[in-house]
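Good morning, colleagues. Please look at the sequence and the structure on the screen while I go through a few helices and their contacts.

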Amino acid sequence: MSIVVTGATGSLGRLVVEELLARVPATELAVLVRSEEKAADLAARGIEVRVGDYDDPASLDGAFRAGDRVLLISGSEVGRRVPQHTAVIEAAKAAGVAQLAYTGILGGPEADFELAAEHKTTERAILDSGLPYTFLRNGWYHENYTAQLASVLEHGAVVGSAGEGRVASAARADYAAAAAAVLTGEGHLGRVYELSGDTAWSLAEYAAEVARQSGREVAYSGLPGDAHLTVLTGAGVPEGFAAILVDVDAAISRGRLAGTSGDLARLIGRPTTPVAEAITAALA
């Protein structure tokens with residue numbers, strides 16, 4: 001039996017692996033990756049590397065073992081995730097894994113925006129499979145915003161169409177710590193966790209904090225959805241993905257990413273990382 005992390009060379013996956021290594025020996029861990037080469041550093045640390053591709057169901061034969069605890073980190077390719085996730089679910093069921101934890105999206109069935117659709121379908125497929133499951137419904141990452149700080153500082157504006165909506169984001173590392181806690185702990189089977197930061201904030205408040213820390217003039221530029229779409233596509237964002245981002249802002253305006261259940265802080269045993277701390281790190 002091993003704890004298996006899929007997508008382990010991605011941004012979230014690597015953080016989960018580090019959290020797991022702080023809890024269990026490397027010999028108890030395995031990673032499922034597309035590229036063995038990209039996981040060479042993990043193999044060097046004593047972690048078993050299993051190669052498989054979400055897009056190639058046959059490659060997942062033997063990817064899991066009976067009794068494994070598996071973290072299915074959702075794929076990053078919007079529009080392709082349902083068949084990809086289904087392939088992993090079927091392989092996990094065939095192997096008889098002891099737990100399948102899945103990183104979904106805050107709100108689950110109540111999430112009424114386009115980006116949530118594939119997550120909802122995946123959760124349904126896991127339930128239909130009969131596998132012992134844990135749903136980790138991740139809210140927004142601080143990094144979704146702080147990764148854009150260079151552009152924000154260049155233009156002196158945080159641009160969006162979320163109105164006065166609030167976001168209860170947390171650091172990617174917080175979500176990784178929660179996943180590790182669920183994979184190494186007991187009492188999590190059949191549980192659903194709504195994971196989000198302890199405090200929800202608005203884009204105007206975010207802009208003000210960036211201005212305070214940077215010493216630059218930065219303000220929130222709130223736009224109608226169609227104007228926001230034009231700005232994003234004009235900046236080179238593909239139209240399909242730009243439309244998804246505008247749809248997310250509309251969801252934020254409806255309060256869909258503002259929930260503060262406290263589940264994340266309880267799982268990791270500490271307060272979640274404040275967005276101000278993430279801004280500080282990104283500006284460093």
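I begin with H119, which is found in helix α4, residues 117-129. Helices here are DSSP runs of H or I with at least four residues, strands are runs of E with at least two, and both are numbered from the N terminus. This is a predicted model, in which local features need pLDDT of at least 70 and side-chain atom pairs count only at pLDDT 80 or more, while totals for chains, interfaces and linings use all residues. Residues are numbered from 1 along each chain as its sequence is written, and side-chain values use heavy atoms, with hydrogens and water left out.

Is H119 buried or exposed? H119 has a relative accessible area of 6%, so it is buried. Buried means under 20% relative accessible area, exposed means over 50%, and partly exposed lies in between, for a 1.4 Å probe and protein chains only. Which residues does H119 touch, leaving aside its neighbours within four places in sequence? They are S74, R81, Y102, T103, G104 and I105, where contact means heavy atoms within 4.5 Å.

One of those partners, R81, leads us to helix α3, residues 81-95. At 1.5 Å a residue, the 15 residues of α3 should span 21 Å, and the end C-alpha atoms are 21 Å apart, which agrees. The expected span is 1.5 Å times one less than the number of residues. The buried residues of α3 are R81, Q84, H85, A87, V88, I89, A91, A92 and A95. They pack against α4, as well as β4 (69-72) and β5 (99-105). Just after α3 comes G96, with a positive phi of about 80°.

Let me now turn to pairs of helices. Two packed helices are described by the angle between their axes and the distance between the axes. The axes are lines fitted to C-alpha atoms, for helices over the stretch in contact, and angles run from 0 to 180 degrees between N-to-C directions.

The first pair on my list is helix α1, residues 11-21, with helix α7, residues 172-184. Their axes are 8 Å apart and the packing angle is about 50°. α1 and α7 are therefore oblique to each other. On this scale, angles under 35 degrees count as roughly parallel, over 145 as roughly antiparallel, 65 to 115 as roughly perpendicular, and the rest as oblique. The crossing of α1 with α7 is right-handed; that is, the near helix is turned clockwise from the far one by less than a right angle, whereas anticlockwise would be left-handed. From α1, the residues S11, L12, L15, V16, E19 and L20 take part, and they meet R172, A173, Y175, A176, A177, A179, A180, L183 and T184 of α7. These contact residues divide into 11 nonpolar, two polar and two charged. Here Ala, Val, Leu, Ile, Met, Phe, Trp, Tyr, Cys and Pro count as nonpolar, Asp, Glu, Lys and Arg as charged, and the others, Gly among them, as polar. S11, in α1, is exposed, with a relative accessible area of 51%.

Next is helix α8, residues 203-214, whose 12 residues should span 16 Å at 1.5 Å a residue; the end C-alpha atoms are indeed 16 Å apart. Its buried residues are L203, Y206, A207, E209, V210 and A211. G215, just after α8, takes a positive phi of about 75°. The axes of α8 and helix α12, residues 275-283, come within 10 Å and cross at roughly 45°. That makes α8 oblique to α12. Y206, E209, V210, Q213 and S214 of α8 make this contact with V275, A276, I279, T280 and L283 of α12. The contact residues divide into six nonpolar, three polar and one charged.

What does α10 pack against? The buried residues of α10 pack against α5 (143-146), β7 (157-160), β8 (166-167), α8 and α9. Those buried residues are A242, I244, V246, V248, D249, A251 and I252. With helix α9, residues 225-234, helix α10, residues 239-253, has its axis within 9 Å, at a crossing of roughly 140°. α9 and α10 are therefore oblique to each other. Their crossing is right-handed. After α10 comes G255, whose phi is positive, near 85°.

Thank you for your attention.
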